[in-house]
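Subject: Structure handover

Hello,

I am passing on the structure below, followed by notes on what was found in it. Please keep it open while you read.

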Amino acid sequence: MVFVGDSLNRNMWESLVCALRESLVRKNSVFEASGRREFRSQGFYSFKFEDFKCSIDFVKSPFLVQEWIFSDKAGTRRETLRLDLMQGSYNKYHDADIIIFNTGHWWTHQKTYKGNYYFQEGNHVYSKLEVADAYKRALRTWAQWVDANINSSRTRVFFHGYSASHFKGGQWNSGGNCYGETKPITNDTYLAPYPWMMRVLESVISEMRTPVIYLNVTKMTDYRKDGHPSIFRQSATQRKPGIIQDCSHWCLPGVPDTWNELLYAIMLRSQKKF
């Protein structure tokens with residue numbers, strides 16, 4: 001099983017690895033495939049479950065498509081996002097039994113969202129491209145790759161949807177906070193609008209030949225404004241006024257455990273197909 005995507009997918013991967021290891025009597029039968037430092041430098045994480053002859057991996061690919069560095073005519077190094085190329089790590093997972101993809105949060109970052117001289121197809125760099133258009137082009141590249149390379153008779157494909165953030169008073173880099181939240185939202189009128197990027201995803205999936213199971217977790221995560229690490233990602237001695245808070249990722253145990261319960265329920269219902 002391989003999770004491919006951004007750090008929210010890594011959050012789900014961590015939850016699953018921890019839960020499965022905790023359920024085992026012989027916990028020393030679970031081990032990392034290589035050293036932690038090597039994982040971080042390569043963006044590839046793998047835990048082997050020796051007694052079950054299986055692995056659960058995470059491959060870092062925040063956009064699914066390829067981040068690109070090139071030199072312009074003046075010799076200046078530029079960074080773009082190749083909307084027409086899958087990230088090159090696909091050879092690590094194309095033949096997995098189960099693949100869970102995701103992408104979303106990095107498309108809301110300032111550089112990506114503005115889309116000025118950032119998106120590229122072939123040799124052409126767009127001076128301006130709306131992020132929704134770029135996102136759809138990237139997802140179509142992903143969908144075409146899946147249809148061309150995934151054998152759906154042996155590999156099940158999932159897409160893990162957008163997970164809500166709860167920044168108040170600004171974004172992550174402009175004073176946004178979620179510290180002190182201890183209860184979930186109980187009034188639906190306070191929920192955020194359904195993310196545009198998930199509507200784009202749904203339209204792309206509907207055009208694919210390969211069956212893709214969509215884990216739509218957006219609304220369920222929107223309720224849980226209380227479940228984020230907020231200031232606690234840093235030790236008490238490192239916390240200063242105006243500290244950057246984490247209101248996008250989730251504490252464990254917590255919300256990602258429910259995502260894995262959904263995944264498990266779907267797999268049980270589909271066991272004859274597996």
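A starting point is Ser 152, which sits in the loop between α4 and β10. The model is a predicted one, and the remarks here should be read with that in mind. With a relative accessibility of 38%, Ser 152 is classed as partly exposed, because that value falls between the 20% and 50% cut-offs. Apart from neighbours within four places in sequence, Ser 152 is in contact with Thr 210 and Pro 211. Ser 152 and Arg 224 are 72 residues apart along the chain, and 34 Å separates their C-alpha atoms.

Arg 199 is a residue of helix α5. Its relative accessible area is 51%, so Arg 199 counts as exposed, the cut-off being over 50%. Between the C-alpha atoms of Arg 199 and Ser 71 there are 35 Å, and along the chain the two are 128 residues apart.

Next, the pockets. The largest pocket holds about 1,200 Å³ of space. It is lined by 46 residues, and those closest to its centre are His 105, Thr 108, His 109, Ser 165 and Ser 248. Two or more lining residues come from each of α1 (7-23), α2 (36-42), β3 (44-49), β4 (54-60), α3 (110-114), α5 (196-206) and α6 (218-222). Sorted by class, the lining of the largest pocket has 20 nonpolar, 18 polar and eight charged residues.

The second largest pocket has a volume of about 550 Å³. Its lining is made of 24 residues, with Met 1, Cys 54, Ile 56, Ile 98 and Met 267 closest to the centre. At least two lining residues of the second largest pocket come from each of α1, β4 and α7 (255-269). Helix α7 gives the most, with four residues. By class, this second lining has 13 nonpolar, six polar and five charged residues.

There is also an enclosed space. Searching the whole structure turns up one cavity of 30 Å³ or more. The largest cavity contains about 40 Å³ of space. The residues that line it are Asp 6, Leu 8, Asn 102, Thr 103, Gly 104, His 105, His 160, Gly 161, Tyr 162 and Ser 163. By class, two of these are nonpolar, seven polar and one charged.

His 105 appears in both places: it is among the residues closest to the centre of the largest pocket, and it lines the largest cavity. Its position is in the loop between β7 and α3. Is His 105 buried or exposed? His 105 counts as buried because its relative accessibility is 9%, and the limit for buried is under 20%. The side chain of His 105 reaches the backbone oxygen of Ser 163 at 2.7 Å. Leaving out neighbours within four places in sequence, His 105 is in contact with Asp 6, Leu 8, Tyr 162, Ser 163, Ser 165 and Ser 248.

Gln 245 is another loop residue, placed between α6 and α7. A relative accessibility of 10% means that Gln 245 is counted as buried. Its side chain reaches the backbone nitrogen of Cys 178 at 2.9 Å. Not counting residues up to four places away in sequence, Gln 245 touches Phe 167, Gly 176, Asn 177, Cys 178, Tyr 179, Ser 230 and Ile 231.

Last, the nonpolar cores. In soluble globular proteins, nonpolar side chains tend to be buried together. Here the largest nonpolar core has 40 residues, and the ones with the most contacts inside it are Tyr 93, Phe 101, Trp 107, Phe 119, Trp 142 and Phe 159. Each of β1 (2-5), β6 (77-86), β7 (98-101), α4 (131-149), β10 (156-160) and α5 supplies at least two residues of this core. The most come from α4, which gives nine.

Trp 107 shows what surrounds one of these core residues. Setting aside residues up to four places away in sequence, Trp 107 touches Pro 62, Phe 63, Leu 81, Leu 83, Thr 112, Tyr 113, Phe 119, Val 131, Ala 134, Tyr 135, Ala 138 and Met 197. A second core, separate from the largest, has 24 residues, including Leu 16, Val 30, Ile 98 and Leu 215. Of these, Ile 98 is also one of the residues closest to the centre of the second largest pocket.

Regards

Definitions and conventions: Residues numbered from 1 in each chain as written. Predicted model: local features only at pLDDT ≥ 70, side-chain atom pairs only at ≥ 80, totals over all residues. Heavy atoms only, no water. 1 Å grid on protein atoms, 1.4 Å probe; cavity = no way out; pocket = protein on both sides within 12 Å on 5 of 7 lines; lining within 4 Å. Points joined across faces, edges and corners; volume = space filled by probe spheres on them. Nonpolar A, V, L, I, M, F, W, Y, C, P; charged D, E, K, R; others polar. Core = buried A, V, L, I, M, F, W, Y, C linked by side-chain atoms within 4.5 Å. Buried < 20%, exposed > 50% of the residue type's maximum accessible area, 1.4 Å probe, protein only. Contact = heavy atoms within 4.5 Å. Polar contact = N/O pair within 3.5 Å; in protein donor to acceptor, adjacent residues only side chain to side chain.
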